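Dear colleague,

Please find below the structure that I am handing over to you. A short account of the findings comes after it.

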Amino acid sequence: MDFAVALATSTESWRPVGRAEALGFHRAWFYDTQLLNPDVFVGMALAAERTERIRLGTGVLIPSNRIAPVAANGFATLNRLAPGRIDFGVGTGFTGRRTMGMGAIRLAELERYVLEVQGLLAGETVDVVIEGAPRRMRFLNPELGLIHLGDPVPLHVSAMGPKSRRSAAKLGGGWLNFTGSDAGALRDLEDWRAACVEAGRDPDAAEATLFLLGAVLEPGEPFDAPRAVAQAGPYVAVMLHNLVETSAAGSLHGHVPDFLADAVEAYRKIHAGYDPEAPWLENHRGHLMFLREEELGLMTPELIRHFTFTDTRDRLVERLGALGEAGYGEIAVQLVHGHEDAIEDWSKVAAGLDALGA
């Protein structure tokens, strides 16, 4: 099993990415969230210039936020800086669109976009749909060597639901998943493998990456220790953001565990105080980066334990090893802003898995 890091992109991302490379991590994924972080291609370019082996991927682009020729140019430019080390991660949109008060795009739009970007990167002449009409395009002077099209830029599709997983399987790339529980990860993986079979693909050959947040605890360290809350809590907060934003106003009691329903209802009261005309301006502030002051009191040991990968090193080796045996080929650990040194703890988990041959 390979280990990767995921980061909320910054102009300093090259520092933890460089450390990840030194520790033997396989890849670094850079979030593309234009209203929370610096530009993803800038952050990746800085890392490309300062590393030699680690792969660098977008985690993930959203078609509506960057037209296909612009995205293709970004990848071709990165490929000039780090030939053969660039990955094209793409999805229908969560944070990057939610921060603008918008929902996900249609799967058909995602599929068309992927084919457009891939065609351009292959040096082909492609009909790209812009402003509702197809326009014939290609890179006009790649022979100058200002960009690089010679090495492939592999595709990875973020897909959280059954329909999107089938779309991802059809497109032929790798699969990106994001969850906070072992059971959820295994359930999603089973569906992904079924989607691959339906698409005529060998599920054992289809790359599967699991993104997660968590903290590596010392023996006896509580789940709500300040360090654990800081490193794992942002995922719990995002879960609450999503549930309140997408669920009906009624109580969730009876539908989810009481400790989660209680937290959702508590956050619903906080959310009610946000600007009703643009609640997303507060709801997604700090998304996957830090906990806002009003969220700190919601972080209970039960939520951290049940919905993040927070555990002792030995238990994490056991848990992630089981996910590797099930079919996940890569674990991408998000390094929370200001806690990038957690990579040292996760490198020990990776070493434990290597020792087991996982």
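The following paragraphs describe the chain as a whole and then one hairpin.

This is a predicted model, in which local features need pLDDT of at least 70 and side-chain atom pairs count only at pLDDT 80 or more, while totals for chains, interfaces and linings use all residues. Residues are numbered from 1 along each chain as its sequence is written, and side-chain values use heavy atoms, with hydrogens and water left out.

The chain contains 13 helices and 12 strands; these are DSSP runs numbered from the N terminus, with at least four residues for a helice (H or I) and at least two for a strand (E). Its radius of gyration is 20 Å, close to the 21 Å that the globule rule gives for 358 residues, so the chain is as compact as a globular protein of that length. The radius is taken over C-alpha atoms, and the rule is 2.2 Å times the number of residues to the power 0.38. The C-alpha trace spans about 60 × 50 × 40 Å along its principal axes.

Of the 358 residues, 52% are buried, that is, under 20% relative accessible area with a 1.4 Å probe, protein chains only. Among contacts (heavy atoms within 4.5 Å) with a separation of 6 or more, 72% join residues 24 or more positions apart.

Strand 5 (residues 126–130) pairs with strand 6 (residues 133–137) in the antiparallel sense over five bridges; pairing requires at least two bridges found by DSSP. V129 has P134 of strand 6 as its bridge partner. Two residues lie between the strands of this hairpin, where E131 takes a positive phi near 55°.

Yours faithfully

Key:
Buried < 20%, exposed > 50% of the residue type's maximum accessible area, 1.4 Å probe, protein only.
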